[in-house]
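This report describes selected features of one protein model together with its ligand. Please keep the sequence and the structure in view while reading.

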Amino acid sequence: MTTRRYRLAVLPADGIGREVIPAGLEVLRAVSEAHAAFAFETQEFDWGSERYLRQGAMMPSDGMRQLERGGFDAILLGPVGDPRVPDHVTLWGLLLPIRQGFDQYINLRPMRLLPGIKTPLAGKEPKDIDMVCVRENAEGEYAGVGGRLHRGTPAEVAIQSSVHTRHGTERVIRYAFEYARANGRKKVTSATKSNAQQYNMVFWDDIFAEVAARYPEVAHEQQLVDSLAARFVSKPESLDVLVASNLFGDILTDLGAAISGSMGIAPSANLNPERKFPSLFQAIHGSAPDIAGRGVANPLGTVWSIQMMLEHLGEAAAAKALMQAIEQFAATATAKTPDLGGRANTREATAALCGLIRGQR
Ligand code: IPM
Ligand code: MN
């Protein structure tokens, strides 16, 4: 059998990233050993807030070029954020330039309650929470267009414009329908706010209707994002695939992670579907400065993101096996981290996952 080789750019970044990224790589190694179909090599980059504090920049000025020329098949990124540096500085210094620069216009975020994990929603079971958000990831409210004038004076003004283009809106909505079709999902729900935002969100709705008409086999509906948030709590079983603008998708997926049992589990894939640039995989949780360095962070968010990476790379068998190990871990392992009500540390949880993977051989 030929062994496929992948090059992985690894950026542990900040806080608990230095714990969960090595844990994720250990699990990935176990998967590649158990399945022997692929091998990977990693190149680590020390970019992040520590670098910012030392050198005044989150990444070197040619950082994007390094990532582009490095021949990477994917990027694995830890959480970004440090209490000593303003968040907009760290995020606009690392994560957001990569999403935009590599045209990772899809942020795919499954929200699923795994059997064995407890949801805070009374009376809801795993069959009730199983949805996927297709979040626009390259423009919208995160376009970074705006400015501040007359700082500190009574005439001070701040403007932050949302930018929604036909190209950008069409492609994310199309992706949501294609995703539904390819994955046997039945319905796409669009998050909107066209009652208050009469330009950009009415435009979003128009394009949603246009694209939906091309997929008669997939049901579609739209809902105002505020009442959609309530529906996450009251009737999550009625939701399937969601498509949302950058900011709406950001907010809804934290809610989705919380009802799925823990922020520590939820994964994301920042995809450039055309594969012109490498895609980026990252747990959706933050850097958790309160527990950083204590070795108790949940590695599952990173591990599940790596599972999405394997899917993206076309390693379907390995991806399936890793998902099975994650499910088995959720259902049976006693080695769960404190966010899941357990007493295990990161290393013990990682060892338990690796054990389940080795057991698949
Ligand atoms: C996420 C994060 C980021 C976002 C932040 C850190 C900029 O919350 O990936 O969900 O808002 O996209
Ligand atoms: Mn977020």
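By class, the shell around ligand 1 consists of four charged residues, two nonpolar residues and no polar ones. In this classification, Ala, Val, Leu, Ile, Met, Phe, Trp, Tyr, Cys and Pro count as nonpolar, Asp, Glu, Lys and Arg as charged, and the others, Gly among them, as polar. The model is predicted: local features need pLDDT of at least 70, side-chain atom pairs count only at pLDDT 80 or more, and totals for chains, interfaces and linings use all residues. Residues are numbered from 1 along each chain as its sequence is written, chains are lettered from A and ligands numbered from 1 in the order in which they are written, and side-chain values use heavy atoms, with hydrogens and water left out.

## The ligand and its surroundings

Which residues are around ligand 1? They are Leu91, Arg99, Arg109, Arg135, Tyr142 and Asp250, where a residue is near a molecule or strand if one of its heavy atoms lies within 4 Å of it. The table lists distances between polar side-chain atoms and oxygen atoms of ligand 1. They can be read against the definition of a polar contact, a pair of N or O atoms within 3.5 Å; within protein, one must be able to donate a hydrogen and the other to accept it, and residues adjacent in sequence count only if both atoms are side-chain atoms.

| Residue | Partner | Distance |
|---|---|---|
| Arginine 99, side chain | Ligand 1, oxygen atom | 2.7 Å |
| Arginine 109, side chain | Ligand 1, oxygen atom | 2.8 Å |
| Aspartate 250, side chain | Ligand 1, oxygen atom | 2.9 Å |

Taken alone, ligand 1 exposes 320 Å², and the protein buries 78% of that. Accessible areas come from the Shrake-Rupley method with a 1.4 Å probe; for residues, only the protein chains shown count as cover.

## Two domains

The protein is divided into domain 1 (1-110 + 262-361) and domain 2 (119-260), with bounds that come from an automatic or database domain assignment. The centres of the two domains, taken over C-alpha atoms, are separated by 24 Å. In domain 1, 19 residues are in contact with 21 residues of domain 2; contact means heavy atoms within 4.5 Å. The shell around ligand 1 draws at least three residues from each of the two domains.

## Arginine 171 and aspartate 103

Arginine 171 has its place in helix α6 (residues 166-182). Helices (H or I, at least four residues) and strands (E, at least two) are DSSP runs, numbered from the N terminus. Is arginine 171 buried or exposed? Arginine 171 is buried, because its relative accessible area is 11%. Buried means under 20% relative accessible area, exposed over 50%, and partly exposed in between (1.4 Å probe, protein chains only).

Leaving aside neighbours within four places in sequence, arginine 171 is in contact with Asp103, Tyr105 and Ala138. The side chains of arginine 171 and aspartate 103 make a polar contact at 2.9 Å. Aspartate 103 is placed in the loop between α5 (95-101) and β4 (106-112). With a relative accessible area of 24%, aspartate 103 is partly exposed. The phi angle of aspartate 103 is near 45 degrees, a positive value in a residue other than glycine.

Histidine 150 also has a positive phi, of about 55 degrees, although it is not a glycine. Histidine 150 lies in the loop between β6 (140-149) and β7 (157-163) and is partly exposed, with a relative accessible area of 47%.

## Residues in and after the later helices

Methionine 309 belongs to helix α10 (residues 300-313) and is buried, because its relative accessible area is 2%. Apart from neighbours within four places in sequence, methionine 309 is in contact with Leu8, Leu28, Ala74 and Phe281.

Alanine 318 lies in helix α11 (residues 316-332) and is buried, with a relative accessible area of 4%. Alanine 318 and serine 32 are 286 residues apart in sequence, and their C-alpha atoms are 7.7 Å apart in space. Beyond four places in sequence, the contacts of alanine 318 are Val31, His35, Phe38 and Leu310.

Glutamine 360 is in the segment after α12 (346-358) and is partly exposed, at 26% relative accessible area. Setting aside neighbours within four places in sequence, glutamine 360 is in contact with His35, Ala321, Gln324 and Ala325. The side chain of glutamine 360 reaches the backbone oxygen of alanine 321 at 2.8 Å.
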